[in-house]
Amino acid sequence: MNGVRALLAARGGAVRIGRNAVSLGILQVGGSLATMALAAVLTRRVGFGGLNRTLLALSAEAIAAAVADLGLSTYLMREFARDANAAERLIGLALPVKLLTSLAAATVLATLVGAIFGPQRWPMLALAALALPFEAAIAVTIVWLKARQEMHVSSAAQLALRWLFAAGGIVLLLLGLDERAVIATWPAANLLGALWAWRVLVRRGIKPQWSLATGAVSQLLRSATPFAVTSVAAMLYRRLDLLVLSLFRGDAEAGAYGAAYRMYELLTLPTVALLDALFPELARRAVADASRAALLSAYRLGRRVLLSLAGAISLATLVLAPTAVRIVYGAGALASDSVALLRLLALALPLAAGYLLAGHLLIVLNRQRRVSHAMVVATMGSGVFNLLLVPRFGHWAAVAVSLLCELLLLLLLRWMVRQALADLSATLESQR
């Protein structure tokens, strides 16, 4: 009887993961198609230079958001998945903290960071910074919905937000305005998203117990610190190349690389959707010792599926890259290096899928500090090599450094996973 129940539970988990992955995949692809449509119009209206200034503003704002988040989003998702009754207490603690830190990050981005990138880019960075407090409010509701495995709701909201931004930007471009008007639609869309997020909590009967009690906040931040290090390092890791290119090689060359990288990010969505669906399931299975055998099964199955999917997408991109670039950015983009850059970036897809899944497993096994260490090492390596090589070799150095660091991350995290699984197997053996 117990065996039948375990089999039904395992099948139910697999169905839940698959359903959520499909939902996330469909909706996230739709959102990325919206941003790709905006990038296509931007390139045709203001060239790779205008595209790069837009991507730079959004990248800097994303880094600021990761810093201001303090690792709370990932920590909250894990805790919500483990204890559904903790929502009101944790949201009441986390939301005021996130709002305060996002305001501080917006101030720094709009002043100090803007000055570093020069007068032509400064207004773009200042406009993007206005979205930070609204993003903080949205993030809390999104992670709560994901932890409840309501992926269709959270992804639909993110899809609507991206379409609002993209559609507004496209309309303004067609009316003859430039990239500064496009960036202005980003905080406007996030304001609407924040209003939606608060309404969701109210309608679900969640009444956050707002608190900034020193002891509780200190404990919350200590618990989230490893996630903060990982989150900030990961965001810097993904954006450093574009920042360094923008500083040393100008908007046109950085724009060609940014165009290829934007398409690469679209290609990662199927694996990211599966990972998002898998994470809460792994977190639940890791809570009780009795369920850890099922945790190993879910991890190994997820690894096989992820690597197969990433490999197929990578091979298809090698063949279809010229067609994709021409469709998205126009025939004129074929004269740039975007096609070759996209093909090289596609080689990183299996590497990224492997290390992200390994990181997820380590997090649910409470080894997030090891993930943080790996991300810090990779980010420092990326920063050093980009600063040394990009000023001389441009975007070819950026893509080479990206591939090298992806491989480094995979090797580090897989080594850590082998250690974790060996410890887990020993624990299971001792329980028999």
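Trainee: How are α3 and α8 oriented to each other, roughly parallel or roughly perpendicular?

Mentor: Keep in mind that this is a predicted model. To read a helix pair, start with the angle between the two axes. Helix α3 (residues 87-116) and helix α8 (residues 214-248) pack at about 30°, and their axes lie 13 Å apart. Angles under 35 degrees count as roughly parallel, so α3 and α8 are roughly parallel to each other.

Trainee: Which hand does the crossing of α3 and α8 have, left or right?

Mentor: Right: α3 passes α8 in a right-handed crossing. On the α3 side, the contact is made by Leu90, Leu93, Ala94, Val97 and Ile116, and α8 brings Ala216, Val217, Leu220, Leu221 and Leu247. Sort those residues by class and you get 10 nonpolar, no polar and no charged.

Trainee: OK, now the next pair. At what angle do α6 and α7 pack?

Mentor: Same routine. Helix α6 (residues 151-174) and helix α7 (residues 179-203) pack at about 150°, with 8 Å between their axes. Angles over 145 degrees count as roughly antiparallel, and therefore α6 is roughly antiparallel to α7. Their crossing is right-handed.

Trainee: Which residues of α6 and α7 meet?

Mentor: From α6, the list includes Val153, Leu161, Phe165, Gly168 and Gly169; among those they meet in α7 are Thr185, Trp186, Asn190 and Trp196. By class, this contact has 13 nonpolar, four polar and no charged residues.

Trainee: Let me pick Asn190, then. Is Asn190 buried or exposed?

Mentor: For that, check the relative accessible area. Under 20% means buried, and Asn190 has 1%, so Asn190 is buried. Asn190 sits in helix α7. Leaving out residues up to four places away in sequence, Asn190 touches Ala131, Phe134, Glu135, Ile138 and Leu161. You've already met Leu161 as one of the α6 residues in the contact with α7.

Trainee: What about the largest nonpolar core: which of its residues touch the most other members?

Mentor: With a core, look for the residues that have many partners inside it. This one has 141 residues, and Phe80, Tyr329, Val364 and Leu413 touch the most other members. Helix α1 (residues 2-69) gives the most to this core, with 19 residues.

Trainee: And which residues does Tyr329 touch?

Mentor: Again skipping residues up to four places away in sequence, Tyr329 touches Met36, Ala39, Ala40, Thr43, Arg44, Leu51, Ala259, Arg262 and Met263. Try finding Tyr329 in the structure and tracing those contacts yourself.

Technical notes
Residues numbered from 1 in each chain as written. Predicted model: local features only at pLDDT ≥ 70, side-chain atom pairs only at ≥ 80, totals over all residues. Heavy atoms only, no water. Axes fitted to C-alpha atoms, helices over the stretch in contact; angles between N-to-C directions. Helix = DSSP H or I, 4+ residues; strand = E, 2+ residues; numbered from the N terminus. Parallel < 35°, antiparallel > 145°, perpendicular 65-115°, else oblique. Left-handed = near helix turned anticlockwise from the far one by under 90°. Contact = heavy atoms within 4.5 Å. Nonpolar A, V, L, I, M, F, W, Y, C, P; charged D, E, K, R; others polar. Core = buried A, V, L, I, M, F, W, Y, C linked by side-chain atoms within 4.5 Å. Buried < 20%, exposed > 50% of the residue type's maximum accessible area, 1.4 Å probe, protein only.
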